[in-house]
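Visitor: I have a protein model on my screen and would like to learn how to read it. Could you walk me through it?

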Amino acid sequence: MLKAKTALSTAEIASVLNKTSWYTKKDGSAIQSSQISARVRNYPHLFVKSNGKISLKNTTGIVKTPIVSKHKKLAVKSSIEDSTLQKKILMNKKNFNSVADSEDSIPHEPGLYCVRIKNSNALPSTFQNVLKERKHNIIYIGLASKSLKKRFLNQELKAKGHGTFFRSLGALLGYVPESGSLKGKRNQNNYKFSNLDEVKIINWINENLSINWVTHSENLSGIEKELIVEYLPILNIAGNPEALDALRLLRKRCKIVALDMYNLVGGRVTF
């Protein structure tokens, strides 16, 4: 319901759960709409049923409890369970879609996002090999403290601002910023590619990547850190215990070019 941003019927909820495996029965059988109805009746503090549709009483599924030690413990437990569910939803392969299919639904809310590559063969061989060793296709995990639409969609995927993911991806693909483009700038790290190269990178993203996101507001940095340590995405450097030196060098090259610390000859970077 959070994802759909609307109330759903019991049949619709059962269909989503069976499709995504966010919840599974011990015997592996399909979830029935009657079981959803029973759960809704058992948790009146979480759900509202009106005109045959189910909706949440709040956006987190966590009800504020009186300030009593026992109730505090229950609230903390609920928060942990909510975070665990959000991580499961975020990383589930079935929930990933192309940027074109997702961009209109990305909200102006805080949350977490994840990027997968459809086919690792689209990457330079060094990075292909690392993904094969790590046995997944996750290339980046990030957070948006205020707005997923602004941070994830506009900055990271559309180059409208300073996106860490976009700069790293451009460097990995062999692009470099315009020589001297950072000279005199207050921030000496946020290099920017030419407009033409940005369009090429965006087209590459649209063709080769799939994305997913979840809205969430609690402990974003902690959850992001846990996921980075678990999955070791190749384009994450900060907080990644196995961050790639090859990526660091490519980003350093871009920064040096943008600061005009050495020359570009024939489109190639030379010392």
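**Reading the fold**

Guide: Happily! This is a predicted model. A good start is its secondary structure: the protein has 10 helices and 7 strands.

Visitor: What percentage of the residues is buried?

Guide: Of the 271 residues, 42% are buried.

Visitor: Which kinds of side chains should I look for inside?

Guide: In soluble globular proteins, nonpolar side chains tend to be buried together. Here, the largest nonpolar core holds 40 residues, and those touching the most other members are Ile139, Phe152, Phe165, Ile205, Leu209, Ile234 and Leu235. Among the elements giving two or more residues to this core are strand E3 (111-117), helix H5 (125-134) and helix H10 (245-258). Helix H7 gives the largest share, 5 residues.

Visitor: Which residues does Leu235 touch, beyond those up to four places away in sequence?

Guide: Leu235 touches Ile139, Tyr140, Phe165, Ser168, Leu169, Leu172 and Leu247. Apart from the largest core lies another core of 14 residues, including Phe96, Ile138, Val214 and Leu220.

Visitor: How can I check the span of a helix such as H10?

Guide: Compare the expected span with the distance between its end C-alpha atoms. H10 has 14 residues, so at 1.5 Å a residue it should span 20 Å, and its end C-alpha atoms are indeed 20 Å apart.

Visitor: Which residues of H10 are buried?

Guide: Leu247, Arg251, Cys254, Ile256, Val257 and Ala258 are buried in H10. Look just past the helix too: Asp260 takes a positive phi of about 60 degrees there.

Terms used: Residues numbered from 1 in each chain as written. Predicted model: local features only at pLDDT ≥ 70, side-chain atom pairs only at ≥ 80, totals over all residues. Heavy atoms only, no water. Helix = DSSP H or I, 4+ residues; strand = E, 2+ residues; numbered from the N terminus. Buried < 20%, exposed > 50% of the residue type's maximum accessible area, 1.4 Å probe, protein only. Core = buried A, V, L, I, M, F, W, Y, C linked by side-chain atoms within 4.5 Å. Contact = heavy atoms within 4.5 Å. Expected span 1.5 Å × (residues − 1).
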